[in-house]
Amino acid sequence: MTLQFFDTAAVAATPWRNGGGTTRELACFPAGAAMDSFAWRVSIADIRAAGPFSAFPGIDRIITLLDGDGVRLHTGDGRIDHRLDTPLAPFAFPGEADIHAALIGGDTRDFNVMTRRQDWQAQVDILRGASTLPASDGGLLYVSRGSWTVDGAHALAAGQGGYWTTAAGSMALAPAGPEAALIAVRLSRRAGAPA
C-alpha cells in the first residue's frame with residue numbers, strides 16, 4: 001500500500017455551477033474519473049449560499065460538518081430533514097435525494113464521501129484517541145484538529161491527510177494531544193465490483 005499525502009491548503013478549489021460554494025477534491029478512484037464515472041470520491045466543500053445539492057443517482061453520500069454554523073438538509077417530501085450543525089458528526093443520505101441546503105448561520109465547510117452504491121461502501125469514523133484502523137480496500141485520513149502520526153512515522157497536521165486506493169493492512173494512528181481529531185474513511189469493495 002502507498003499512502004498518498006495531501007494538504008488541503010494546496011488543493012485547488014473548483015467553483016460550483018450555481019455559485020453557492022466551492023469544492024476541493026482530496027481523492028477520487030479511479031484517478032481522474034469524471035463525476036459520472038467515479039467509484040468513490042472524497043472532497044471538502046465550502047458552502048456560502050443556500051441552494052439545492054446536485055443529484056447523484058446510485059451514489060451513497062456521507063457528509064460531516066468541519067467548520068461553521070452548519071446547514072439544514074431537507075427534501076420537499078419531508079423524508080429528510082436534518083440539521084448538520086454538530087461538528088464531526090457524520091450524516092448519511094442517498095445521492096438521488098432531492099436535497100436543499102439552507103445555511104443555519106454564516107459560511108460552512110463540510111467533508112464529503114461519495115461511493116457508487118453497487119460497487120463500494122464507506123464507513124466514516126471520528127477518532128480522538130490512539131487507534132488501530134482495520135484493513136480496507138481503500139480509504140482516506142483527514143486531520144480535522146491537532147496533529148497525528150500514522151504507523152509512528154508519518155506526521156500530519158490539521159488540514160492534511162493521506163489516502164490509498166489499493167488493499168491495505170491495519171494502521172496505527174496516534175494523536176499528539178487531547179484536542180486532536182481525525183476523520184478516518186474506510187472503503188470496502190462489494191462482491192463482484194470491478195477491480
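These legends describe close-up views of a predicted model.

**View 1. The largest pocket and its lining.**
The largest pocket holds about 560 Å³ of space. Its lining counts 23 residues. Trp 16, Thr 23, Met 35, Ser 54 and Phe 56 are the ones nearest the pocket centre. Strands β2 (14-15), β3 (21-29), β4 (40-47), β6 (59-68) and β11 (108-116) each give two or more residues to this lining. Strand β4 gives the most, with 4 residues. By class, the lining of the largest pocket splits into 11 nonpolar, 6 polar and 6 charged residues.

**View 2. The one cavity of 30 Å³ or more.**
How many cavities of 30 Å³ or more does the count give? It gives 1. The largest cavity encloses about 40 Å³ of space. Its lining residues are Trp 16, Asn 18, Ile 47, Ala 49, Ala 50, Gly 51, Pro 52, Phe 53 and Ala 101. Of the lining, 7 residues are nonpolar and 2 are polar. No charged residue takes part in the lining of the largest cavity. Trp 16 appears in this view as a cavity-lining residue, and in View 1 as one of the residues nearest the centre of the largest pocket.

**View 3. The open sheet β5-β10-β7-β8.**
Four strands make this sheet, in the order β5-β10-β7-β8, with antiparallel pairing. The edges are β5 (51-52) and β8 (81-84). Each edge strand has a single partner, so one side of each is left without a neighbour in the sheet. Strands β7 (residues 71-75) and β10 (residues 99-103) pair over 5 bridges in the antiparallel sense. Strands β5 and β10 also run antiparallel and are joined by 2 bridges.

**View 4. Bridge partners along β10.**
Which residue of β10 is the bridge partner of Leu 73? It is Ala 101. Gly 51 also stands opposite Ala 101. Ala 101 and Gly 51 both belong to the lining of the largest cavity. Ala 102, also in β10, is the bridge partner of Arg 72. In a regular strand, side chains alternate between the two faces of the sheet.

**View 5. The open sheet β13-β18-β15-β16.**
This sheet has 4 strands in the order β13-β18-β15-β16, and the pairing is antiparallel. The edge strands β13 (131-133) and β16 (154-157) each pair on one side only. On average, neighbouring strands of this sheet are turned by 25° against each other, direction ignored. Strand β15 (residues 147-150) pairs with strand β18 (residues 171-175) over 3 bridges, in the antiparallel sense. Within that pairing, Thr 149 of β15 has Ala 174 in β18 as its bridge partner.

**View 6. The salt bridge between Asp 77 and Arg 79.**
The whole structure contains 9 salt bridges. One of them joins the side chains of Asp 77 and Arg 79, at 3.0 Å from N to O. Are these two residues buried or exposed? Asp 77 counts as exposed because its relative accessibility is 52%, over the 50% cut-off. Arg 79 is exposed too, at 74% relative accessibility.

**View 7. The salt bridge between Arg 83 and Asp 85.**
Arg 83 and Asp 85 form a salt bridge. Their closest N and O atoms are 3.1 Å apart. Asp 85 is partly exposed, at 31% relative accessibility. Arg 83 is also partly exposed, with a relative accessible area of 48%.

**View 8. The salt bridge between Asp 125 and Arg 186.**
Asp 125 and Arg 186 form a salt bridge, with 3.9 Å between the closest N and O atoms. This pair links distant parts of the chain. Asp 125 sits in strand β12 (residues 120-127), and Arg 186 sits in strand β19 (residues 181-189). The two residues are 61 residues apart. Arg 186 counts as buried because its relative accessibility is 17%, under the 20% cut-off. Asp 125 is partly exposed, with a relative accessible area of 24%.

**View 9. A salt-bridge network.**
Which residues are linked in a network of salt bridges? They are Arg 24, Asp 46 and Arg 109.

How values were computed:
Residues are numbered from 1 along each chain as its sequence is written. This is a predicted model: local features need pLDDT of at least 70, side-chain atom pairs count only at pLDDT 80 or more; totals for chains, interfaces and linings use all residues. Side-chain values use heavy atoms; hydrogens and water are left out. On a 1 Å grid over the protein atoms alone, a cavity is a set of points where a 1.4 Å probe fits but cannot get out, and a pocket is an open set with protein on both sides within 12 Å along at least five of seven lines; lining residues have an atom within 4 Å of a point. Grid points are joined across faces, edges and corners, and a volume is the space filled by probe spheres set on the points. Ala, Val, Leu, Ile, Met, Phe, Trp, Tyr, Cys and Pro count as nonpolar, Asp, Glu, Lys and Arg as charged, and the others, Gly among them, as polar. A salt bridge is a side-chain nitrogen of Lys or Arg within 4 Å of a carboxyl oxygen of Asp or Glu. Buried means under 20% relative accessible area, exposed over 50%, partly exposed in between (1.4 Å probe, protein chains only). Two strands pair if DSSP finds at least two bridges between them. Axes are lines fitted to C-alpha atoms, for helices over the stretch in contact, and angles run from 0 to 180 degrees between N-to-C directions.
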